[in-house]
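This report is written for a reader meeting the structure for the first time. It takes up a few places in turn, under short headings.

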Amino acid sequence: MDADEVLTTTRAVRRRLDPTRPVPLDVIRECVEVALQAPAGSNLPRTRFVVVRDPALRAGLADLYTAVYEGTYRGSEGYIGRVATEDAGAARTQERTTRSADALATALHEVDTILIACLEGARLDGASAMASASLLGGVLPATWSFMLAARARGLGTCWTTMHLAREREAAELLGIPYDRVQQVCLTPVAYTVGERFGRARRPAVDDVLHVDGWDESLPSAPDVRGLAAR
Ligand SMILES: Cc1cc2nc3c(=O)[nH]c(=O)nc-3n(C[C@H](O)[C@H](O)[C@H](O)COP(=O)(O)O)c2cc1C
């Protein structure tokens with residue numbers, strides 16, 4: 001796969017995670033090695049990956065995830081990831097994503113490996129926009145690189161943040177020092193059922209590309225200021 005193919009076919013895999021094929025820890029290590037090449041503020045990688053293979057720990061994490069999912073997402077309009085839209089295509093995509101998300105809430109209990117990406121060194125609760133962008137922005141590229149490297153090796157991942165509503169309990173389960181390590185993303189890591197994935201439906205380039213300043217005539221994304229303030 002060339003770079004563009006990896007970049008355009010790394011999907012959120014939920015229904016095609018194969019629970020029957022164990023993922024060797026060495027393959028995870030290779031993906032982490034690739035991920036560490038991502039940029040970080042001050043060139044100081046603060047990304048830490050906690051890989052969870054122990055069945056009891058995985059079950060504990062999956063329970064937390066599913067409890068949050070059942071409590072705040074399924075059937076709910078209030079979850080930050082679901083926003084009202086008048087665009088019929090976007091509404092269909094959200095509907096499909098919801099059905100797929102339902103499947104992950106069930107399948108997470110079965111996958112062989114769960115990975116949590118963390119920011120080490122600070123928590124960002126109440127941090128300024130600049131601090132958040134700088135510190136969180138140091139973890140996100142590495143985490144996505146991990147997922148791209150996984151895809152190139154036949155593995156599927158799915159970026160999730162749902163369990164963060166119960167982050168403290170996940171920290172206790174895994175011995176993560178909550179006061180200085182912030183969990184950022186939880187993903188299953190599993191071989192995929194089949195390796196062919198396509199491009200997703202996304203906005204047109206001309207709808208998102210502002211040239212020489214902000215262009216108010218482009219379509220707006222849904223306003224989530226209320227949700228962001230929660
Ligand atoms: C920051 C972030 C948080 C997400 N949280 C969740 C989540 O908690 N559960 C879930 O099933 N998917 C989650 N997703 C996945 C999205 O719902 C969506 O499926 C994905 O970004 C796009 O998938 P696609 O590339 O296959 O279209 C999250 C994605 C991102 C980037």
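## Ser100 in helix H4

In this predicted model, Ser100 belongs to helix H4, which covers residues 88-107. With a relative accessible area of 9%, Ser100 is buried, since a residue counts as buried when that area is under 20%. When the neighbours within four places in sequence are left aside, the residues in contact with Ser100 are Arg14 and Arg15.

## The ligand and its surroundings

Arg14 appears again at the ligand, which is surrounded by 14 residues, the closest being Ala12, Arg14, Tyr65, Trp159 and Arg202. A polar side-chain atom of Arg14 is placed 2.8 Å from a nitrogen atom of the ligand, and a polar side-chain atom of Tyr65 likewise lies 2.8 Å from a nitrogen atom of the ligand. Ala12 takes part through its backbone, where a polar atom is 2.9 Å from an oxygen atom of the ligand.

## Strand S2 and its partners

How many of the eight residues of strand S2 are buried? Seven of them are, so this strand, made of residues 113-120, is largely enclosed by the rest of the structure.

S2 is joined by six bridges to strand S1, residues 47-52, and the two run antiparallel; within this pairing, Thr47 has Leu119 of S2 as its bridge partner. S2 is also joined to strand S4, residues 181-191, by eight bridges, again in an antiparallel arrangement, and here Glu120 has Val181 of S4 as its bridge partner.

## Helix H7 and the residue after it

Helix H7 consists of residues 167-174, and its buried residues are Glu167, Ala170 and Ala171. Looking down the axis of H7, one finds these buried residues within an arc of 100°, so they line one face of the helix. This agrees with a general feature of the α-helix, which has 3.6 residues a turn, so that residues three or four places apart point the same way.

The buried residues of H7 pack against two elements, namely helix H3, which spans 55-73, and strand S4. After H7 comes Gly175, whose phi is positive, with a value near 70°.

## Cysteines without a disulfide

A disulfide is a covalent bond between the sulfur atoms of two cysteines. How many disulfides does a search of the whole structure find? The search finds zero, and the distances between sulfur atoms show why in the case of Cys31, because its closest cysteine sulfur, in Cys185, is 14 Å away, too far for a bond, when the two sulfur atoms of a disulfide must be within 2.5 Å.

Cys185 is likewise in no disulfide, and the cysteine sulfur nearest to its own is that of Cys158, 8.5 Å away. Both Cys31 and Cys185 are enclosed: Cys31 is buried with a relative accessible area of 0%, while Cys185 counts as buried at 1% relative accessibility.

## An exposed glycine in a loop

Is Gly126 buried or exposed? This residue is found in the loop between S2 and helix H5, the latter spanning 129-136, and at 83% relative accessibility Gly126 counts as exposed, because the cut-off for that class is over 50%. From Gly126 to Glu195 there are 69 residues in sequence, and the distance in space between the two, C-alpha to C-alpha, is 41 Å.

Conventions:
Residues numbered from 1 in each chain as written. Predicted model: local features only at pLDDT ≥ 70, side-chain atom pairs only at ≥ 80, totals over all residues. Heavy atoms only, no water. Buried < 20%, exposed > 50% of the residue type's maximum accessible area, 1.4 Å probe, protein only. Helix = DSSP H or I, 4+ residues; strand = E, 2+ residues; numbered from the N terminus. Pairing = 2+ DSSP bridges. Arc of directions from axis to C-beta. Contact = heavy atoms within 4.5 Å. Near = heavy atom within 4 Å. Polar contact = N/O pair within 3.5 Å; in protein donor to acceptor, adjacent residues only side chain to side chain.
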